[in-house]
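Work through the exercises below with the model open. Each task is followed by a stepwise solution.

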Amino acid sequence: MTGSQPWHLSLARFDSRPSAEPVHGNLGQVRHVVLVLSGKGGVGKSTITTELALALKHAGKKVGILDVDLCGPSIPRMLSMGRPDVHQCDSGWVPVYTDTQKSLALMSIGFLLEDPDEAVVWRGPKKNALIGQFVSDVAWGELDVLLVDTPPGTSDEHLAVLENLKKHRVDGAILVTTPQAVSTGDVRREITFCKKTGVRILGIVENMSGFVCPHCSECSNVFSKGGGEELAKTTGSVFLGCVPLDPLLSASIEEGRDFTQSFPDSATFSAISSISQTLLNSLQTD
């Protein structure tokens, strides 16, 4: 791909007309598309997306992340990407790569804003149009897995993602919850959304499941545990596993460091690695 001049998004100038580019074109070499959903905000959905992407990358897979959390694009920071220039090629926007091997690609509205502190104050049609362009106009190239990080809820953005991906097979969705009933109740509604829209549920991840002591590494159930697993049982879903609330993981996310590479002997690494392997097995046997 040959890049042209860097391109930034002006909120005042953005054209809300949908792109005429066929959706299947830039997704033609993407083997699997997985949505990451949650009916609840603050459950660590972007964290799980980031860590799964890194785990899949270290497993030798080529991975992409499409960050459609338009009002809270946090993944660029989690991957320590800063605000690099986004270039265009003949096929559309060139995603930003986290490594020279181009094994992890990312596209986020966080790269396109002229002012990183500017709020995206958009109504539905404008959001939907940008999501349409993200789906159709990003030149992903060859990927094993594309993870789509979505905002919380079951709103316009989620419908726009599904509508724009309808020409390309969506393998399914991972649902992220915390153990508390207030979270699992919202995720239960997300399960209903998946059933209504025909999205296969690949499994449920219980995040912030216990607290890992930074001194002795013992995991204590400070809040609660097991809500996600119970939700999986009652809804007939696959339970992918638990990820504890780990200060080392939190610090890695804040600093943009690769947790899976920095702490390969931790219980949290084992949990993330197990979830990613279960996901891979599910995709490969589908």
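**Exercise 1.** Decide whether C194 is buried or exposed, then find how many disulfides the structure holds.

Solution. Step 1: C194 has 0% relative accessibility, so it counts as buried (buried is under 20% relative accessible area, exposed over 50%, partly exposed in between, with a 1.4 Å probe and protein chains only). Step 2: the closest cysteine sulfur, in C242, is 20 Å from the sulfur of C194, too far for a bond. Step 3: a disulfide needs a pair of cysteine sulfur atoms within 2.5 Å. The structure holds 0 disulfides.

The model is predicted: local features need pLDDT of at least 70, side-chain atom pairs count only at pLDDT 80 or more, and totals for chains, interfaces and linings use all residues. Residues are numbered from 1 along each chain as its sequence is written, and side-chain values use heavy atoms, leaving out hydrogens and water.

**Exercise 2.** Place Q277 and state its exposure.

Solution. Step 1: Q277 sits in helix 10, residues 267-284 (helices are DSSP runs of H or I, at least four residues, and strands are runs of E, at least two, numbered from the N terminus). Step 2: its relative accessibility is 38%, so Q277 is partly exposed. Step 3: K166 lies 111 residues away along the chain, and the two C-alpha atoms are separated by 26 Å.
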